[in-house]
Structure formats: C-alpha cells, structure tokens
Amino acid sequence: MESAPRQIGGAKVICFTRIDNRHRPTGNCMQIVAGVLQEPADGLAICQYEGEEAYYLFGCDAQWNSVTDTWHQTLEEAKAQAEFEYTGVSGTWQEHE
C-alpha cells in the first residue's frame with residue numbers, strides 16, 4: 001500500500017497510517033455501509049475539508065478510497081476515535097513531507 005494521497009474525497013489529508021501487523025482492530029466500533037458490515041480498513045486518514053474546522057476519520061481501502069467516515073470537532077478527537085477502533089494507531093501516524 002502506497003503512501004496516502006494529499007487529498008481523499010476532496011478533503012486535505014492531515015495524517016494517515018496503513019493498518020497492518022502493528023495494529024489490532026478492537027471491535028469497539030462496527031462500520032456499516034449500505035447495510036453491509038465492513039471489514040477492517042487497509043488504512044486510516046484524518047482529513048479536513050477547506051473552510052471547515054472539523055475533521056473526518058476516513059477508513060480507506062488499499063487504494064486510499066474512503067469507505068467509511070466519522071466526524072470529529074478536533075484532531076485529537078479523531079485520533080482518539082482511531083485508537084478506539086485500532087490499538088496501536090497512536091504511534092504510527094504519518095504526515096506528508
């Protein structure tokens with residue numbers, strides 16, 4: 001899985017991480033899309049749309065397409081939600097150089 005693009009779904013990527021053997025899905029949150037329970041994400045990205053103060057935590061497929069999302073007032077809240085869903089994520093966030 002390559003590095004995340006600079007934008008996902010028109011939102012600027014603030015930070016991202018691949019989900020791999022460094023992480024464990026907690027089962028604390030079930031993501032359902034169109035009535036179908038989603039598998040664990042291949043990657044997570046915290047993004048922000050231009051002109052908005054809120055953040056979105058995107059659960060992405062292997063090509064960094066957003067499959068799921070949650071809305072958060074702050075970056076810290078988005079990161080906390082990510083850790084709630086995937087143990088170990090707090091230590092693997094990356095930012096674009």
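User: Before we start, how do you decide that two strands pair?
Analyst: Two strands pair if DSSP finds at least two bridges between them. Strands themselves are DSSP runs (E, at least two residues), helices are runs of H or I with at least four residues, and both are numbered from the N terminus. By that rule S2 and S6 pair in the antiparallel sense, over six bridges.

User: Good. Anything to know about the model itself?
Analyst: This is a predicted model, in which local features need pLDDT of at least 70 and side-chain atom pairs count only at pLDDT 80 or more, while totals for chains, interfaces and linings use all residues. Residues are numbered from 1 along each chain as its sequence is written, and side-chain values use heavy atoms, with hydrogens and water left out.

User: What's the overall make-up of the protein chain?
Analyst: There are one helix and nine strands, and from the N terminus the order is β-β-β-β-β-β-β-β-α-β. The radius of gyration, taken over C-alpha atoms, is 12 Å, close to the 13 Å from the globule rule (2.2 Å times the number of residues to the power 0.38) for 97 residues, so the chain is as compact as a globular protein of that length.

User: Back to the strands: what order does the five-strand sheet have?
Analyst: The order is S1-S2-S6-S7-S8 in an open sheet, with antiparallel pairing. S1 (7-8) and S8 are the edge strands, each pairing on one side only.

User: Which residues sit across from each other?
Analyst: Going along the sheet, Ile8 stands opposite Ala11 in S2, and Thr17 has Leu44 in S6 as its bridge partner. Over in S8, Asp69 is the bridge partner of Phe58 and Ser66 that of Cys60.

User: And the hairpins, which residues have a positive phi there?
Analyst: Gly9 does, near 60°, in the hairpin of S1 and S2, which has two residues between the strands. In the S7-S8 hairpin, with five residues between the strands, Trp64 in the turn has a positive phi of about 65°.

User: Where does the helix go?
Analyst: Helix H1 (residues 75-85) lies across S2 (11-18), S6 (43-48), S7 and S8. H1 runs at about 30° to S7.

User: New topic: how big is the largest pocket?
Analyst: Its volume is about 340 Å³. Of the 24 lining residues, the closest to the centre are Gln31, Glu39, Pro40, Ala41 and Tyr86. A pocket here is an open set of points on a 1 Å grid over the protein atoms alone, where a 1.4 Å probe fits, with protein on both sides within 12 Å along at least five of seven lines; lining residues have an atom within 4 Å of a point.

User: Which elements contribute to that lining?
Analyst: Strands S7 (55-60) and S8 (66-72) are the elements that give two or more residues. The largest share, four residues, comes from S7.

User: And by residue class?
Analyst: The lining has twelve nonpolar, eight polar and four charged residues.

Notes
Points joined across faces, edges and corners; volume = space filled by probe spheres on them. Nonpolar A, V, L, I, M, F, W, Y, C, P; charged D, E, K, R; others polar. Contact = heavy atoms within 4.5 Å. Axes fitted to C-alpha atoms, helices over the stretch in contact; angles between N-to-C directions.
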